[in-house]
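Please load the model in a viewer and keep the selection panel at hand. The stops below are meant to be followed in order.

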Amino acid sequence: MVKLPISRWRGLLAVAALLCGSSTANALIITVDENGHGTLTSNAGVVSPLPFAFQPDPGPGGLPSVLTYSLLNFNPGIHVTSGDVVFSAEPGIAFSGDVIRFNANEVCVDGSVGCLVFYSDNVDGFDSLADTPSPPSALYANTISIPEVGNELNNGAIYTPVPNTGQPGDIFATVSFAPTYILISDGQFPVPEPGSLAMLAVSLLGMGTAFGRFRR
């Protein structure tokens, strides 16, 4: 399996931002993988690491110790929307076993409020920090499904909630845009082909989930 170092996928985000041109004034990019690597890229292009820890999941059916990221929410005027984002797999398989959970009222390792919980499947063994014996035994009523891209050794998804609709992970504040989440489910994203990178740029423009072909 070919993996990109963190600096390479940060560079990928920078290229995607350039493709979006002036629209990046309203871009907020949150990138997490299954091994505790997480960043928040602000609309000014400032990249901040996301603290993480193993914490009990207070959401419905949560497990007692799961990989939990802070979303760096120190502003009491900003609230993340609770809910679950379920990864679907190839056609005919509705659920791959991966869940991204947003807990609006959870206190994160850095003391901020509003966390992202990463449940990763263990079909290839327990080889990452996010691997859990099972997904949560119950889901939020606020749950959506997004397509997972790639094979079992190198996959993930890009997710942008529709702004101000209450979808999981949406933020409510004095802004009219939603963050884009780059969710690396297994390994780290390989270098995308040009068409896929263009689709990532579309996602950053707030036009929904973008996905395409990736190569190893």
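Begin with the open sheet of this predicted model: select its 6 strands, which run in the order β4-β5-β9-β8-β7-β10 with mixed pairing. At the edges stand β4 and β10 (143-147); each has a single partner strand, so one side of each is left without a neighbour in the sheet. Neighbouring strands of this sheet are turned against each other by 30 degrees on average, with direction ignored.

**The edge at β4**

Select β4, residues 52-55. Which residues make up the covered face of this strand, and which the uncovered one? Ala53 and Gln55 form the covered face, whereas Phe52 and Phe54 form the uncovered face. Now add β5 (66-70). The two strands, β4 and β5, pair in the antiparallel sense over 4 bridges. One residue to mark in β4 is alanine 53, whose bridge partner in β5 is threonine 68.

**Threonine 68**

Centre the view on threonine 68, in strand β5. Is threonine 68 buried or exposed? With a relative accessibility of 1%, threonine 68 counts as buried, since the cut-off for that term is under 20% relative accessible area. Its side chain reaches the backbone oxygen of valine 66 at 3.0 Å. Next, display the surroundings of threonine 68, leaving aside neighbours within four places in sequence. Pro51, Phe52, Ala53 and Gln55 are among the residues in contact with threonine 68, and so are Glu106, Cys115, Leu116 and Val117.

**The pair β8 and β9, and the disulfide**

Move along the sheet to β8 (99-107) and β9 (113-119). These strands pair in the antiparallel sense over 6 bridges. To see one of the paired positions, select phenylalanine 102; its bridge partner in β9 is leucine 116.

Then show the cysteine side chains. How many disulfides does the count give? The count comes to 1 disulfide, and it joins cysteine 108 to cysteine 115 with an S to S distance of 2.1 Å. The link of cysteine 108 and cysteine 115 is left-handed, with -125 degrees about the S-S bond. Both cysteine 108 and cysteine 115 are buried.

**The nonpolar cores**

Select Val32, Ile100, Phe102, Leu116, Tyr181 and Leu183 together. These are the residues with the most contacts inside the largest nonpolar core, which has 24 residues. Which strands each supply at least two residues of this core? They are β1 (29-33), β5, β7 (83-88), β8, β9, β12 (154-159) and β14 (180-186). The largest share, 3 residues, comes from β8.

Isoleucine 100 is a useful place to pause. Leaving aside neighbours within four places in sequence, isoleucine 100 is in contact with Gly83, Asp84, Val85 and Phe87, as well as with Leu116, Val117, Phe118 and Leu183. Apart from the largest core lies another core, of 6 residues; to locate this other core, select Leu63, Val66, Val117 and Tyr119, which are among its members.

**Strand β14 and the loops beside β13**

Select isoleucine 182 in strand β14. Isoleucine 182 is buried, with a relative accessible area of 4%. Which distance separates the C-alpha atoms of isoleucine 182 and isoleucine 158? The separation is 4.7 Å, although these residues are 24 residues apart along the chain.

Step back to alanine 178, in the loop between β13 and β14. Alanine 178 is buried, with a relative accessible area of 8%. The C-alpha atoms of alanine 178 and valine 162 are separated by 6.6 Å, and these residues lie 16 residues apart along the chain. Leaving aside neighbours within four places in sequence, alanine 178 is in contact with Thr160, Pro161, Pro163 and Asp170.

Finish the close views at asparagine 164, in the loop between β12 and β13 (171-172). Asparagine 164 has a positive phi of about 60 degrees although it is not a glycine. This residue, asparagine 164, is partly exposed, with a relative accessible area of 43%.

**The whole chain**

Zoom out to show the protein chain, with its 2 helices and 14 strands. Of its 216 residues, 48% count as buried. Among contacts in the protein chain with a separation of 6 or more, 59% are accounted for by residues 24 or more positions apart.

Technical notes: Residues numbered from 1 in each chain as written. Predicted model: local features only at pLDDT ≥ 70, side-chain atom pairs only at ≥ 80, totals over all residues. Heavy atoms only, no water. Disulfide = S-S within 2.5 Å. Buried < 20%, exposed > 50% of the residue type's maximum accessible area, 1.4 Å probe, protein only. Core = buried A, V, L, I, M, F, W, Y, C linked by side-chain atoms within 4.5 Å. Contact = heavy atoms within 4.5 Å. Pairing = 2+ DSSP bridges. Axes fitted to C-alpha atoms, helices over the stretch in contact; angles between N-to-C directions. Polar contact = N/O pair within 3.5 Å; in protein donor to acceptor, adjacent residues only side chain to side chain.
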